[in-house]
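User: Please take a close look at one strand of this model. I would like to know how it is covered and how it pairs with its neighbours.

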Amino acid sequence: MRRSIVYHIPLSYEGRKVIHYLRGEGKLSSRMVITLKNLPDGILLNDAPTRTIDRLKAGDTLEIRLPEEENTIAPQPMALDMVYEDEDLLVINKPANLAMHPTHNHQGDTLANGVAAHLLSQGRAATFRAVGRLDKCTSGLVLCALNGVAAAALAGRIEKSYLALPSGCYRGAGVINRPIIRPDPMKTLRAVGEGGEYAVTTWESLAAGNACSLVRVRPLTGRTHQIRVHFASLGTPLLGDDMYGGSRERIGRAALHCASMGFVHPISGKELFFSCPMPPDMQRAARAAML
């Protein structure tokens, strides 16, 4: 079933063009506007087809009818910890060691496959659009947009915080501002280095021991492996993160968990906030390392 979104035109858009509202208040991408223009009933003004150059009046009803979504990923039923769900969004608490997307190493056993099966069970389909991804080893909250309008409106507008276990004694709070490079374009491995991409991570200590600390982390930029690389660059890789020098003695994966997420709903405008507790493997590792 096609998703329909209705907007009520405020006085501030009196006399302006339909395109101005869709690209402005509606936050639609130029590609989505073009797609809607090519549908006979893609854009309606007061229940009648309209052009993007037509003028608006305060109190008008502007409606967009999104094209049918297609699921291009094979569905694979799996248990999903669904935190939130509506017509436009899914928020899922992803377990560690579950890849996000199918790759040559992962076919059918990814979060995308599980989401496809979940939607199919409801008679729905959607392209898998994770708004910000988590590494396979990272657990925690993942936001999925179920249509292009929601995805475009959310891009770069999500605030996340993580819980991490760096292998060092961290007290107080601080900022890590170090550029990140990709030494070998054929590998996913990243490193801190001159000429790299701007990357900033803030941290706040929640508990500290000699072998490990529990810190709340907020990445202000979204570089690949940013949190992991930043702590490793200080000589304190995350517990379990053997890609960056961390020991697997107490945990078998990088000790990183997306614990909270906040954003404004792209359609309703409501402020939403979600959180999920640190998983048992990280709790056990923290207790053991800080004894």
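The strand to examine is strand 8 (residues 139-145). Which strands does strand 8 pair with, and in which sense, parallel or antiparallel?

Analyst: The model is predicted, and what follows is read from its atoms. Strand 8 spans residues 139-145 and is mostly covered, with 7 of its 7 residues buried.

Two of its pairings are antiparallel. Strand 6, residues 89-94, runs antiparallel to strand 8 and is joined to it by 6 bridges. Within this pairing, L90 has C144 of strand 8 as its bridge partner. Strand 7, residues 129-130, also pairs with strand 8 in the antiparallel sense, here over 2 bridges. In that case A130 is the residue that stands opposite C144. C144 therefore takes part in both pairings, as a bridge is what links it to L90 and it also stands opposite A130.

The remaining pairing to describe is parallel. Strand 15, residues 256-264, runs parallel to strand 8, and 2 bridges join them. G140 of strand 8 has C258 in strand 15 as its bridge partner.

On side-chain direction, a general point applies: side chains in a regular strand alternate between the two faces of the sheet. For strand 8 itself, the burial count covers 7 of 7 residues.

To sum up, strand 8 is joined to strand 6 by 6 antiparallel bridges, to strand 7 by 2 antiparallel bridges, and to strand 15 by 2 parallel bridges.

How values were computed:
Residues numbered from 1 in each chain as written. Predicted model: local features only at pLDDT ≥ 70, side-chain atom pairs only at ≥ 80, totals over all residues. Heavy atoms only, no water. Buried < 20%, exposed > 50% of the residue type's maximum accessible area, 1.4 Å probe, protein only. Helix = DSSP H or I, 4+ residues; strand = E, 2+ residues; numbered from the N terminus.
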